Each structure stands twice: as C-alpha cells, then as structure tokens.
Amino acid sequence: MSIASTPPTTPEASRAATRRTAPLAHAREHLRAVPPLPVRSLSASALPAVVSGGLPVPTLDGPTDYANFDHAASTPALVSVKAAVDTALRTYSSVHRGKGYASAVTSGWYEQARAEVAAFVGAREGDEVVFTRNSTDSFTLLSRSLPRDTSVFVFESEHHAALLPWKARQTVRIPVPGSAADAVVLLREALRTRQGRNRLVVLTGASNVTGEVWPIRELAAVARRAGARVVLDAAQYAPHRRIDLGELGVDYVVLSGHKLYAPFGAGVLAGRADWLDAAAPYLPGGGATKAVTEHGVQWHTGSARHEGGSPNVIGAIALAAACHALREHGEAVEAHEQLLGKALLDGLRDIDGVQTYSLFGDGHERVAVATFTVDGVDSSLVSAVLSAEHGIGVRDGKFCAHLCVDTLLDDPYAEGPDTAVRASIGLATTAAHVQRLLAAVADLAAHGPRHEYVHTGEGWVPVDDTRDLAPARPW
Ligand SMILES: Cc1ncc(COP(=O)(O)O)c(C=O)c1O
C-alpha cells in the first residue's frame, strides 16, 4: 500500500492529515480467496439472543448486517435483559424510600438482583455485593477501602482501571510476565519484597488485550500462602467463564454490566465485608446513613454504606437478568465462543502479513479475543477499512492497557506497529462473521484498502464516505 502526503494547512492539520492511502482498483473477487470455515455457529436457540441480531449497517458498497467483534469493549443487551428492564420500568419507583406498592416491588427486586449477582459470583456467607457504575468504579471503591498500611501488588499488564487507582507509594508493580508459570514466579518474588499485615494482589481473569486466561487459582494460592488478599478483575472473564469466589480462592471480584450483556450502567464489587465496613462511605449521603444528629453521623455497614443516593435499580435488575441467563446458558455460550474463537485465531495466523499476539504463548487458553496487526498498515486504518468496507466492528489502539500492548509489540530488531487491532467474539458474532473478517483481513493484507482514506483528527476516514453515520436520534 502506498501512502502519499498532502500539504498541511495548520500545525494540527499537519499532524493529523498528512497521510492518505492510494485507492486500489481491485475487485471483490479477492474476498473469495479464503475458503469457507469448517465451523458453524451453534444453533441460535441454544444461545441467549441479543437485541442487535441482524443489525443492518451501511458500508461504502451498500448495506450488510453488522459483524460485531467488539464485545470486549461493550456487549449488546440480551433480549431477556431488555424484557426484564421493560417489566421493571412499569413499576419503577424509589428504592428503600417509600411505602407505596411500586416502591415495595422495586426495593424487593433491587435486593433480589443483589442475591442473583451473589449467586453468579459464588459469594460466600458474609460477603458483600455492592452495586457500582462499572469496574473502574469498583476498583476505585476498593482502593478507598483499603486499611491505611495496605501494600498492593499489581502486574503492569493490567487494564488501567486495575493498575491506576492505588497510591503510588503503596504499590508494587510486577513486570509483564512471559508465561503463566512466569506470572506465578514473579508474584511470589514480588510478595517477598514488601511484608506487612495488609496486602492485596490484583489479578485479571482474562486479559482484555489478548483474551488469555490467567492462572487465577495458582496465583491466588501464592497470595494466600503469603497472607495477602486477592481482587479478581473479572470484567473480561465473567462474560465467558463461571466464577466462584471460594473455588478460585479470591477475596473480591469486580465486573461491569455493559460487558455482560446488561448495558444499563451498573457494575459490581463483591467480596469480604470487613475492609468495606470499616472504610469511609464511598458516596456519603442519603441511604448510607442510619442517623444524622448535630453531633455526628452514624453510617450503615454493608452494601448500603457505599451506595449513597438513589441507586441505579434498573441497571442492577438488568445485570441480574444477564447473570441469570449466563448461568443458565453458560456451557453453550462457552462452546459457541471457543468454536468461533479458535477459527478466528487459526484463520488470522494463516494470513501472510498478519501478526497475532500472545502473552503466554500460542497454545494458552483464551476467551474468544484475537489481537493482531497487518504489516505496513496502520491499525486504525485496519479498523476503519473493516468498518467502512465490510460492516465489521473491531477496536484498535492500546485498549487502556498501554504497558501490556507496548510489551507485546516491542520488537528490538525492527520498527514495528505501536498499536494493534482487537477482534472480540460474543453472542452477537456468528461463523459467517468470522468468515467475513478473515476474508477482509486477507484481502487488506494482500492488496490494501479498496477505497481511498485520509488521516484526519478523527483518525482514518474514507475520502468519499457515502454512508449515513448519523441516523435520526432515538428520542
Ligand atoms: C480487564 C478490564 N478491566 C477493567 C475494565 C474497566 O471496565 P469499565 O470500563 O466498565 O469500568 C475493562 C474495560 O475494558 C477491562 O477490559
């Protein structure tokens, strides 16, 4: 692919709009080069349905159905989640603040939602389930609940939500491991560097960059033997694998509803009550207080302590509905994703000029995520082409895990890419979508984009974009 320069007009424009792709006059025939996948999606009836199934999207060559490979960022809602929300909206009212029928129903469902989530994560007797906004919020709540002298041990490969909320002087950063066994050794060594009564190890269940599943049980056992607690970042793990706090040997778990087919603004921090009950309320105000007098405030313990203000009950109900569906259909969901994930990764590895990435080695267990680059093609151009020409949604960049991506892409012998493309599979992805993605990437790697693109402040955009990207607003 050739890149031509255009004259800059302003300093910003000179930085942003200096690159332009040359149009390539090649035909659709190239897309037939990839043989059909030897896999089919599981029968749709075995899987929970999403509301966005068959979503029509415009491309530069006409409409197609949306091929969603961006589940690791946010998932569409399940049909059953939307139905639960519609039902809950009919009686929507205050939570723990009214005696009316609607308020009683809404308050009851809020607490039942908490119980459903507790069952989903395998919460133990005495564990708290606190509703938050998302995983970032959950980590921040936990960081503010640590006893004063707590040391935190965190791998540099973590998502920024798990890497950044801890105070610098209390944090021990562990280098990005080169294998699962290496992770265990590195954690053991790190725990030796700082002793103390209160220590917390931050672990991810599945990497948001590569999808690789971390050796949670082994790492948690190392932490436990050293007397440290463990918080599991299950933002990417919970949508794909069963969680059981006791069985995994972790103390806290963090997850996001919008990555779990319940995009209604709720997340969760669940786990041991003592630190949470001793901490200052996260959102001081109504709901968190037992009594307020002119002499002071008596705060609740339990989840109410950190859920000040009127809670997001619709988000909590949506999350509970998603947990219910995933518990019921977990095996089918995992089978669907394993099938398509393997076909995707194998297919990408077979394409000349495409590199795939892994932390722990090619054979390591993954949730259905593949991260790749195309030689000589900017990753943001790859994602622009996949969307504009093929109706495929992926993400490019460093995925809020800059240190992890920098380590993966670091090549001491060559000038390589500094960002990557992530394709993540979920319930909205079909075998035909995988086929389409592989054909599109093969075509791009061999021949470059079919249309002409320019790099602007918005990233790469088609020069003659005929798509309607601003349909009428939904309200
Ligand atoms: C592994 C991981 N942890 C935490 C987060 C933060 O989640 P949220 O944006 O819902 O706060 C993400 C989001 O991508 C993630 O992938």
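These notebook entries record what I looked up in a predicted model.

**Entry: ligand shell**

I began with the residues around the ligand. The shell holds 14 residues, and Asn-134, Thr-136, Asn-208, Ala-235 and Ser-256 come nearest. I then asked which helices supply at least two residues of this shell. Helix H4, spanning 135-145, is one such contributor, and helix H5, spanning 160-163, is another. Sorted by class, the shell comprises 9 polar, 4 nonpolar and 1 charged residues.

**Entry: Arg-144**

I stayed with helix H4, where Arg-144 is located. I counted 14 other C-beta atoms within 10 Å of Arg-144, so I entered this residue as partly exposed. Setting aside neighbours within four places in sequence, I found Arg-144 in contact with Ala-279 and Tyr-282. I also looked up its separation from His-71: the two residues are 73 apart in sequence, and their C-alpha atoms lie 30 Å apart in space.

**Entry: packing of H2 and H10**

I next examined the pair formed by helix H2 (residues 79-90) and helix H10 (residues 313-349). Their axes are 8 Å apart and the packing angle is about 145 degrees. I noted the crossing of H2 and H10 as right-handed. From H2, the contact draws on Ser-80, Val-81, Ala-84, Val-85, Ala-88 and Leu-89. These meet Ile-314, Ile-317, Ala-318, Ala-321, Ala-322 and Ala-325 of H10. By class, the contact of H2 with H10 has 11 nonpolar residues, 1 polar and no charged. For the spacing along a helix I recalled that an α-helix has 3.6 residues a turn, so residues three or four places apart point the same way.

**Entry: two positive phi angles outside glycine**

I looked up two residues that have a positive phi although neither is a glycine: His-96, at about 55 degrees, and Cys-400, also at about 55 degrees. His-96 is found in the loop between H2 and helix H3 (101-121). Cys-400 is placed in the loop between strand E18 (395-397) and helix H12 (402-409). What is the exposure of His-96? It is partly exposed, because 17 other C-beta atoms lie within 10 Å. Cys-400 is likewise partly exposed, with 18 other C-beta atoms within 10 Å.

**Entry: helix H13**

I turned to helix H13, which covers residues 431-447 and has 17 residues. From its first C-alpha to its last, H13 reaches 24 Å, close to the 24 Å expected at 1.5 Å a residue. I then asked how many of the residues of H13 are buried. The count is 13 of the 17, so H13 is largely enclosed by the rest of the structure. Just after H13, Gly-448 takes a positive phi of about 80 degrees.

**Entry: Ala-370**

My last look-up was Ala-370, which sits in strand E16 (residues 369-374). Is Ala-370 buried or exposed? With 29 other C-beta atoms within 10 Å, Ala-370 is buried, because the threshold for that class is 20 or more. Its contacts, leaving aside neighbours within four places in sequence, are Leu-344, Leu-345, Leu-348, Thr-356 and Ala-423. I also looked up Gly-211, which is 159 residues from Ala-370 along the chain. The C-alpha atoms of Ala-370 and Gly-211 are separated by 6.9 Å.

Note on methods
Residues are numbered from 1 along each chain as its sequence is written. This is a predicted model: local features need pLDDT of at least 70, side-chain atom pairs count only at pLDDT 80 or more; totals for chains, interfaces and linings use all residues. A residue is near a molecule or strand if its C-beta atom, placed from the backbone, lies within 6 Å of it. Helices (H or I, at least four residues) and strands (E, at least two) are DSSP runs, numbered from the N terminus. Ala, Val, Leu, Ile, Met, Phe, Trp, Tyr, Cys and Pro count as nonpolar, Asp, Glu, Lys and Arg as charged, and the others, Gly among them, as polar. Axes are lines fitted to C-alpha atoms, for helices over the stretch in contact, and angles run from 0 to 180 degrees between N-to-C directions. A crossing is left-handed if the near helix is turned anticlockwise from the far one by less than a right angle, and right-handed if clockwise. Two residues are in contact if their C-beta atoms, placed from the backbone, lie within 7 Å. The expected span of a helix is 1.5 Å times one less than its number of residues. A residue is buried if 20 or more other C-beta atoms lie within 10 Å of its own, exposed if 12 or fewer, and partly exposed in between; C-beta atoms are placed from the backbone.
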